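Hi,

Here is the structure I said I would pass on. Have a look at it first, and then read my notes below.

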Amino acid sequence: MAVQAVHVCDVHNLDHVPDNASLSLYSTRFSKGVELNREATFKMPKFMVVGHRGNGMNVLQSTDGRMKEIKENSIMSFNSAAKHPIDFIEFDVQVTKDDCPVIFHDNFILYEDNGTVFEKRVTELCLSEFLCFGPQKEAGRAGRSLLRKTKDGKIVEWKVEKDDSLCSLQDAFQQVESSLGFNIELKFDDHIVYQQDYLTRVLQAILQVVFEHGKDRPVIFSSFQPDAALLVRKLTALQVYFLTNGGTEIFYDVRRNSLEAAMKVCLQGGLQGIVSEVKGVFRNPGAVNKIKDAKLSLLTYGKLNNVSEAVYMQHLMGIDGVIVDLVQEITEAVSDLIKPSKMGEEEGGDGEMEVKSKPQFSQRELSFLLKLIPELIQH
């Protein structure tokens, strides 16, 4: 189902804003009936597993068939992930030029026409143009074939075993298993300096859909763009996390260059947590306790999260959850290694049960592992 365009001029004033909000920031309002200050209605599980772009991202050059099984960021991928015991799915949201939030990771759509490869920025397309790429929902209608640029600059055909049409954020709210939480990454281009008016317009378009169609679904926002993360926190009472590479890459914006800098952003802006590249955490394990002492949640993403031992190590370190590509494999590993088993259930009459997790590490062994991990990650 196509979402109707929401134009900024049609969006009414925000109903609930902080007392110190600037007039220019809140110059437009959401439509009547949209409750802006809806509180987060979920409690963070003891250890959370999140499906990356649904059932996992597509790595088209990979020899591992699991990395190109289902089209990433699609309704099919989201509902496939929902078949496993995960808490959330993570996906990327951008806003088209006619103010419609759509789900797509890359900044550009690539396609071929008469032997020539073209690329169009997602945010410069209108909704109808965006939806014409890939498989079409209408029977018998073929869309434009998608290409994708790999990290080494190679252009390949976006072929997966199970393809699906592109979708809007509204489609996801309406068609994905309602109990599944959404981690909505607010996607922006690292190479663009965004003005506040643009960020405000984009975030309002996204929030319009979330509050009209979210119902009771748990929602977390996250973004690598610190100003967007801080701004969406001012616009909503829902949880907002700051995404960071944790120092594994260096950016012009120093707020993005370390876990300590991410903590500062969160504490100054009232954000609820950090989502870090897992290597950044393993290289700086001492930051975990600082983050937890600051009462912030900590999630991780990255290739190492597809290794069950690395996931279990994070559980021991006190990390709150992982974003993973191999949803089935990691949820099975988490269930086996982390979920507590009930012991002595039939013993005693007070109804209390001893809870025991396996395997166990002493504090000394854990300290040794934490010291060893940064050395291993360097190689």
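In which loop is F224 found? The loop between β10 (219-223) and α5 (226-235) is the place. Before I go on, a word on the source: this is a predicted model, so local features need pLDDT of at least 70 and side-chain atom pairs count only at pLDDT 80 or more, while totals for chains, interfaces and linings use all residues. Residues are numbered from 1 along each chain as its sequence is written, and side-chain values use heavy atoms, with hydrogens and water left out.

Back to that loop. F224 counts as buried because its relative accessibility is 18% (buried means under 20% relative accessible area, exposed over 50%, and partly exposed in between, with a 1.4 Å probe and protein chains only). Leaving out residues up to four places away in sequence, F224 touches E185, F242, L243, T244, N245, R256 and Y301 (a contact means heavy atoms within 4.5 Å). F224 and R255 are 31 residues apart in sequence, and their C-alpha atoms are 9.7 Å apart in space.

Q225 lies in the loop between β10 and α5 too. With a relative accessible area of 14%, Q225 is buried. Not counting residues up to four places away in sequence, Q225 touches F188, Y194, L199 and F242. From Q225 to D190 the C-alpha distance is 7.8 Å, with their positions 35 residues apart in sequence.

Now the whole chain. There are eleven helices and 16 strands (DSSP runs numbered from the N terminus: helices are H or I with at least four residues, strands are E with at least two). Of the 379 residues, 51% count as buried. Among contacts with a separation of 6 or more, 66% come from residues 24 or more positions apart. About 18900 Å² of the chain is exposed, and carbon and sulfur atoms supply 49% of that (accessible areas come from the Shrake-Rupley method with a 1.4 Å probe, and for residues only the protein chains shown count as cover).

What sits in the nonpolar interior? The largest nonpolar core has 70 residues, and I184 and F221 have the most contacts inside it (such a core is a set of buried Ala, Val, Leu, Ile, Met, Phe, Trp, Tyr and Cys residues joined through side-chain atoms within 4.5 Å). Helix α4 (residues 196-213) gives this core its largest share, nine residues. Apart from this core lies another, of 16 residues, including C100, F104, I109 and V156. As for F221, the residues it touches include I184, I206, L207, V210 and Y241, with those up to four places away in sequence not counted.

Next, the empty space. The structure holds one cavity of 30 Å³ or more, and about 70 Å³ of space lies in the largest cavity. On a 1 Å grid over the protein atoms alone, a cavity is a set of points where a 1.4 Å probe fits but cannot get out, and lining residues have an atom within 4 Å of a point. Grid points are joined across faces, edges and corners, and a volume is the space filled by probe spheres set on the points. The lining is made up of K71, E72, N73, S74, I103, F104, H105, W158, D164, S165 and L166. By class, that is four nonpolar, four polar and three charged residues (Ala, Val, Leu, Ile, Met, Phe, Trp, Tyr, Cys and Pro count as nonpolar, Asp, Glu, Lys and Arg as charged, and the others, Gly among them, as polar).

One of those lining residues, S165, lies in the loop between β7 (155-157) and β8 (167-168). S165 counts as buried, at 10% relative accessibility. Leaving aside neighbours within four places in sequence, S165 is in contact with S74, P135 and K137.

Last, two backbone oddities for you to look at. R53 has a positive phi of about 55° although it is not a glycine; R53 is found in the loop between β1 (48-52) and α1 (75-81) and counts as buried at 6% relative accessibility. N114 is not a glycine either, yet has a positive phi of about 55°. N114 lies in the loop between β4 (108-113) and β5 (116-121), but N114 is exposed, with a relative accessible area of 78%.

Cheers

Definitions and conventions:
1 Å grid on protein atoms, 1.4 Å probe; cavity = no way out; pocket = protein on both sides within 12 Å on 5 of 7 lines; lining within 4 Å.
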